[in-house]
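Please open the model in your viewer and keep the sequence panel beside it, since each stop on this tour begins with a selection. The stops move from single residues to charged pairs and then to the chain as a whole.

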Amino acid sequence: MSNTIKRGGFSSSFGVLAATLGSAVGLGNIWKFPYLTGANGGAGFLLIYLLATLVIGLPVMIAEITMGRTAKANPITALQKLSPKKSLPWWLVGVAGMVAAFLILSFYSEVVAWVFAYVVKAIGGSILSSDRHVTESAFSTLISDPVQSLLWQWGVLAFIGGILLMGVTKGIEGITKKLMPVLFLLLMLLCAVSLSLDKAADGLAFLFRPDFSKISAGVILTAMGLAFFKLSLGMGTMMTYGSYFRDDQNIPATTLRVMLADLFVSMLAGIAIFPAVFTFGFEPAAGPALVFITIPAVFSQIPGGQLLMIAFFVLASVAATGAMLSLMEVPVVILHERLGMSRPKATLVTIATLMVLGSSCALTNSTLASFKLFGMNMFDLFDFASSNVLLPLGGILLAVFVGWVWGKDKFQQALSNQGALRNHVTVSAVFFLLRYVSPLLILAVMLKGLGLF
Ligand code: PHE
């Protein structure tokens with residue numbers, strides 16, 4: 001069935017890079033990375049996150065994209081196609097990926113909702129202040145209002161659905177290509193401002209001078225989960241994007257670039273935020289609120305700050321949109337290619353599901369504040385279950401699949417573009433990591449971090 005459906009694709013090499021980067025760069029850099037780094041003690045966490053990105057993230061990303069490009073299909077069909085023994089249900093990894101996509105989208109769409117709402121707040125001007133009480137109360141007023149939270153989230157979902165209805169190439173490629181560079185520039189400006197603040201040195205020390213006393217098994221699991229989340233791994237997004245890659249694209253080179261650029265954006269966000277945290281007396285461990293309360297304070301320090309703050313939240317919305325599009329692409333392409341729904345119908349079904357499931361996250365600071373499962377509210381639970389359980393589990397299974405099932409010959413063929421690229425050493429190193437290192441390392445961190453071992 002899937003063979004008869006015409007598939008979209010990325011039309012140029014730059015388009016591939018921009019779209020893949022568009023998936024990786026998102027609120028993970030601007031919102032999650034700073035708040036997790038702040039909550040987990042700073043530089044020690046950062047170091048573990050960097051290691052996890054290099055040793056686990058990079059090889060798993062290469063594996064996923066290679067599998068996707070070879071199979072040219074959605075994750076479920078891809079695993080079926082590539083699996084030599086049809087009796088083993090490897091396709092279930094694709095199903096788990098779709099579940100993870102729904103969980104992530106449920107809370108991610110709410111954070112995007114806050115960012116969209118902040119565009120409007122920035123225009124209103126009232127949040128532009130270096131007084132922590134002002135910025136903190138603006139944020140808590142927003143998130144504790146059930147009607148606003150829900151309406152903004154539904155607005156975000158409708159907006160993303162609209163872009164997806166335009167189709168893969170025009171929608172995703174067109175938008176990310178144009179706006180990513182502007183985001184880089186604005187973040188750099190923010191860094192310059194933040195570095196000129198009084199206590200910039202304290203912020204930098206927090207970010208770069210490791211203190212390992214805060215590191216526990218749970219913190220290591222969180223850092224690894226962030227590495228998966230950041231690079232959109234372990235749930236089929238990169239496999240799906242890989243399926244739109246061109247056959248002559250150099251996968252290891254593209255992947256490395258995406259990883260480095262993604263790290264760069266996170267570092268910029270960290271450098272923009274922590275000096276301000278220390279200068280204005282915010283709490284580094286403020287949690288999900290951190291960016292929303294700190295960024296307005298930085299902008300309050302420069303002439304034209306209000307306009308720039310509007311631009312910042314608009315661009316953060318763009319970055320978030322690229323990431324959300326890639327998340328939604330997983331259920332949409334699965335419903336389309338597996339269940340034979342038209343793309344518009346698949347998109348509508350996905351959006352409708354998210355309006356229901358996501359509302360449990362939107363209302364987490366108001367109506368559903370006391371509703372908890374496993375001791376967590378729905379926002380935290382969906383975040384934890386995806387980043388710390390489903391994505392690493394997906395990572396283990398994909399690494400095992402490539403390392404032990406698909407095998408070195410096929411991996412080598414695919415990754416060298418059927419011999420056109422001379423990258424034997426790279427392929428062997430990546431294969432070694434996938435076969436022996438990644439699965440065991442991820443498993444150990446997961447078992448220990450979840451307290452199962
Ligand atoms: N990588 C995205 C971010 O950092 C989030 C994401 C996760 C996107 C998983 C797709 C899949 O914001």
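Select I76 first: its relative accessible area is 8%, so I76 is buried, where buried means under 20% relative accessible area, exposed means over 50%, and partly exposed covers what lies in between, with a 1.4 Å probe and protein chains only. I76 belongs to helix α4, and helices here are DSSP runs of H or I with at least four residues, strands being runs of E with at least two, numbered from the N terminus. This is a predicted model, in which local features need pLDDT of at least 70 and side-chain atom pairs count only at pLDDT 80 or more, while totals for chains, interfaces and linings use all residues. Residues are numbered from 1 along each chain as its sequence is written, and side-chain values use heavy atoms, with hydrogens and water left out.

Now display the surroundings of I76, which touches W91, G94, V95, I334 and R338 when residues up to four places away in sequence are not counted; a contact means heavy atoms within 4.5 Å. If you draw a distance between the C-alpha atoms of I76 and V95, it should read 6.6 Å, although the two residues are 19 apart along the chain.

Two of these partners lead outward, because W91, with 34% relative accessibility, counts as partly exposed. W91 is found in the loop between α4 (75–82) and α5 (92–124). Select W91 together with L92, V95 and V99, and you have a nonpolar surface patch with about 310 Å² of accessible area together. Patches consist of residues with over 30% relative accessible area and no salt bridge, joining like charges within 9 Å and nonpolar side chains (Val, Leu, Ile, Met, Phe, Trp, Tyr) within 5 Å; accessible areas come from the Shrake-Rupley method with a 1.4 Å probe, and for residues only the protein chains shown count as cover.

Go next to S326 in helix α14 (residues 305–339), which is buried at a relative accessible area of 1%. A polar atom of the S326 side chain lies 2.7 Å from the backbone oxygen of A323, and, leaving aside neighbours within four places in sequence, S326 is in contact with S23, T237 and Y241.

Which residue meets the side chain of K32 in a salt bridge? Select D383: the N to O distance in this pair is 2.8 Å, and a salt bridge is a side-chain nitrogen of Lys or Arg within 4 Å of a carboxyl oxygen of Asp or Glu. Because K32 lies in helix α2 (residues 27–39) and D383 in helix α16 (residues 378–406), the pair ties together parts that are 351 residues apart in sequence. K32 is buried at 2% relative accessibility, and D383 is buried too, at 8%.

For another salt bridge, select D247 and K72, whose closest N and O atoms are 3.0 Å apart. D247 sits in the loop between α11 (237–242) and α12 (251–279) and K72 in the loop between α3 (43–71) and α4, so this pair ties together parts that are 175 residues apart in sequence. D247 is exposed at 53%, whereas K72 is partly exposed at 31%.

Finally, zoom out to the whole chain, which has 18 helices and 0 strands. Of its 453 residues, 59% count as buried, and the C-alpha atoms fill a box of roughly 60 × 45 × 45 Å along the principal axes.

Definitions and conventions
Polar contact = N/O pair within 3.5 Å; in protein donor to acceptor, adjacent residues only side chain to side chain.
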